[in-house]
Amino acid sequence: MARGLAVAWAVLGPLLWGCALALQGGMLYPRESPSRERKELDGLWSFRADFSDNRRRGFEEQWYRRPLRESGPTLDMPVPSSFNDISQDWRLRHFVGWVWYEREVILPERWTQDLSTRVVLRIGSAHAYAIVWVNGVDTLEHEGGYLPFEADISNLVQVGPLSSQLRITIAINNTLTPTTLPPGTIQYLTDTSKYPKGYFVQNTYFDFFNYAGLQRSVLLYTTPTAYIDDITVTTGVEHDSGLVNYQISVKGSNLFELEVRLLDAENKLVANGTGTQGQLKVPGARLWWPYLMHERPAYLYSLEVRLTAQMSPGPVSDFYTLPVGIRTVAVTESQFLINGKPFYFHGVNKHEDADIRGKGFDWPLLVKDFNLLRWLGANAFRTSHYPYAEEVLQMCDRYGIVVIDECPGVGLALPQFFNNMSLQNHMRVMEEVVRRDKNHPAVVMWSVANEPASHLESAGYYLKMVIAHTKALDPSRPVTFVTNSNYAADKGAPYVDVICLNSYYSWYHDYGHLELIQQQLTTQFESWYKTYQKPIIQSEYGAETIVGFHQDPPLMFTEEYQKSLLEQYHVVLDQKRRKYVVGELIWNFADFMTEQSPTRVLGNKKGVFTRQRQPKSAAFLLRERYWKIANETRYPYSIAKSQCLENSPFT
Ligand code: GCB
């Protein structure tokens with residue numbers, strides 16, 4: 001895209017929303033309201049992996065027809081969690097194929113008897129392909145982990161006096177193929193002198209363990225039969241007024257009224273409107289600022305939507321309240337602007353990973369991670385390499401932590417992965433990501449992929465299409481993908497708004513030669529900027545470090561080497577961040593699990609925290625740096641206070 005156009009897009013983004021590609025069907029986060037109830041199904045589920053040779057015994061014997069315990073032994077499986085590290089059976093850790101989950105539920109009587117109530121089953125994520133039965137009836141299928149899906153099950157539960165008992169069966173297949181996202185291949189090893197008959201392995205092309213199962217909450221919720229299906233909000237600023245543009249989709253009735261009220265944090269009404277779309281104007285609006293950038297960050301309004309639909313025998317109301325942050329995002333040739341002010345990303349890459357729960361959602365871990373982010377002075381992270389749980393983004397909205405929201409477009413390493421079917425699937429996944437996350441003020445940019453083989457012609461076309469589709473879905477945010485290709489070879493870079501670069505100088509090459517980093521990194525930045533004149537983020541850099549290994553002068557894998565490597569990067573980042581480098585994201589926030597290999601010691605150890613969230617020496621270095629940058633980049637200028645230590649050098 002021409003530069004001028006990119007800038008115009010950035011400024012006009014919010015106004016262009018009306019032209020955005022409309023998505024069918026919403027995926028609002030299930031919140032309680034006077035018209036909506038929730039019933040969480042977290043806890044112990046019955047579980048069985050299908051170890052049969054073709055992995056299809058469950059379908060052949062129709063395990064969904066009867067309680068799972070009647071077709072064979074079951075295990076207790078906690079939800080949410082990955083199934084891989086829970087049992088002592090090594091076969092389950094590496095299992096590839098269908099696993100079966102089941103849960104019996106008693107519903108409140110009103111849900112089954114009141115025909116003006118709609119009952120929805122919502123699965124936060126099932127990695128990677130799921131089929132759902134309710135009371136043995138095939139109800140729902142979904143492809144792709146890390147994103148929610150749901151079905152209206154009212155007609156299955158509102159069928160008579162016995163219907164309050166519900167049996168939910170979910171079959172999940174974790175196999176990755178050339179057309180899934182992320183892609184993978186299944187390789188049969190046929191040399192019978194080495195492998196048993198039918199032996200196969202799952203190959204993946206990314207560097208994290210392919211944890212699977214019901215990794216986020218499963219829940220039931222209700223709405224009235226006429227209901228608020230989706231809300232899309234974009235925001236702008238005009239002089240000192242905030243603008244909140246809304247679009248609401250209603251289902252279940254054509255005869256309805258909508259009232260929209262915007263409340264401030266003290267619950268005072270600041271603007272109101274009616275109808276399915278409109279613009280609310282908030283004079284003297286408080287903006288949503290990233291924390292550390294502003295002394296009054298993360299301000300959230302509440303958009304209260306009330307639907308009144310004329311139904312027989314009488315009117316029906318539905319209520320939904322959406323948190324709204326008023327802010328703008330724009331990109332120039334050399335800057336990333338939030339609310340018109342230059343924003344510098346000083347943050348981390350993460351993974352949703354810790355200990356035996358695998359990628360299972362966990363509140364204590366989430367709160368600990370946010371405390372550590374603030375301890376570190378990190379103002380941003382990228383959801384490498386897949387969309388994180390919705391609760392994570394809600395915390396970012398509330399804390400003022402900025403997010404680059406990445407889809408599971410990781411491991412696009414082989415030429416055969418850039419085919420039409422994969423492209424269609426990738427575009428569909430972006431639709432699901434945008435549909436789920438579009439209303440989070442914390443999300444400031446979409447990332448459609450991590451390290452695709454972007455030197456290939458076919459990848460260039462593929463990335464162009466996915467990026468164009470994402471922009472059509474959401475004209476209000478910049479779009480990127482993260483590259484590790486050479487600036488002269490990359491075929492996708494012309495289409496991004498911000499260049500995101502991963503490089504591992506003195507780690508994956510020139511091992512041990514820390515003295516080369518400054519020259520190589522300078523060349524990297526200068527060649528990219530000369531070619532594209534777009535802002536650049538150093539989206540990954542780092543070094544594998546085993547906590548407790550020490551050596552001076554530094555040697556690879558020691559805490560000293562990690563610190564020294566970071567220091568070398570920082571010299572150049574400090575020179576360039578005053579020009580066109582708009583961010584740095586360390587790889588990685590914490591150590592995380594990978595497949596086994598001779599280059600990984602119980603996983604990837606490039607964390608500045610261990611997998612148990614204890615700091616390595618580099619965490620202290622980074623902390624000092626991030627607070628220093630925070631103090632230099634605040635608006636309006638004032639000294640930032642370290643959130644954890646009263647007597648920090650930066651208070
Ligand atoms: C990368 C990948 C990331 C890896 C990291 C590493 O470039 O994007 O997924 O984990 O390097 O440590 O090799």
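Which residue forms a salt bridge with R611? I started my notebook with that question, keeping in mind that this is a predicted model.

**Entry 1: R611 and its partner**

I looked up R611 and found D353 as its salt-bridge partner, with the closest N and O atoms 2.8 Å apart. I then checked where the two sit: R611 is in the loop between β32 (581-586) and α12 (617-632), while D353 is in the loop between β25 (345-349) and α6 (363-376). The pair links distant parts of the chain, 258 residues apart. Next I asked myself whether these residues are buried or exposed. R611 counts as buried at 12% relative accessibility, and D353 is buried too, with a relative accessible area of 2%.

**Entry 2: A network of charges**

I followed salt bridges that share partners and arrived at one network. It joins D574, R577, R578, E584, R625, K628 and E632.

**Entry 3: The full count, and K438**

How many salt bridges are there? I noted a count of 37. I picked K438 and D230 from the structure, whose side chains meet in a salt bridge at 2.7 Å, N to O. K438 lies in the loop between α8 (420-437) and β28 (443-450) and D230 in strand β15 (residues 227-238), so this salt bridge ties together parts that are 208 residues apart in sequence. I looked up their accessibility as well: K438 counts as buried at 7%, and D230 is buried with a relative accessible area of 8%.

**Entry 4: E304 and R261**

My next stop was E304, which forms a salt bridge with R261; here the closest N and O atoms are 3.4 Å apart. E304 belongs to strand β20 (residues 301-309) and R261 to strand β17 (residues 256-263), and the pair links distant parts of the chain, 43 residues apart. I wrote down that E304 counts as partly exposed at 28% relative accessibility. R261 counts as partly exposed at 34%.

**Entry 5: Strand β14**

How many residues of β14 are buried? I went through the strand (residues 218-224) and found it mostly covered, with seven of its seven residues buried. I also sorted the residues by the way they point. V218, L220, T222 and P224 point one way from β14, L219, Y221 and T223 point the other way, and all are buried.

Then I looked for the strands that pair with β14. Strand β1 (residues 38-40) pairs with β14 in the antiparallel sense over three bridges, and E40 stands opposite L219 in β14. Strand β5 (residues 117-123) also pairs with β14 in the antiparallel sense, over seven bridges. There I spotted V119, which stands opposite T222 in β14.

**Entry 6: T558**

Where is T558 found? I located T558 in the loop between β31 (536-540) and α11 (559-576). T558 counts as buried at 5% relative accessibility, because buried means under 20%. I checked the side chain of T558 and saw that one of its polar atoms lies 3.1 Å from the backbone nitrogen of Y561. Which residues is T558 in contact with, leaving aside its neighbours within four places in sequence? I listed T545, F549, H550 and Q551.

Methods: Residues are numbered from 1 along each chain as its sequence is written. This is a predicted model: local features need pLDDT of at least 70, side-chain atom pairs count only at pLDDT 80 or more; totals for chains, interfaces and linings use all residues. Side-chain values use heavy atoms; hydrogens and water are left out. A salt bridge is a side-chain nitrogen of Lys or Arg within 4 Å of a carboxyl oxygen of Asp or Glu. Helices (H or I, at least four residues) and strands (E, at least two) are DSSP runs, numbered from the N terminus. Buried means under 20% relative accessible area, exposed over 50%, partly exposed in between (1.4 Å probe, protein chains only). Two strands pair if DSSP finds at least two bridges between them. A polar contact is a pair of N or O atoms within 3.5 Å; within protein, one must be able to donate a hydrogen and the other to accept it, and residues adjacent in sequence count only if both atoms are side-chain atoms. Contact means heavy atoms within 4.5 Å.
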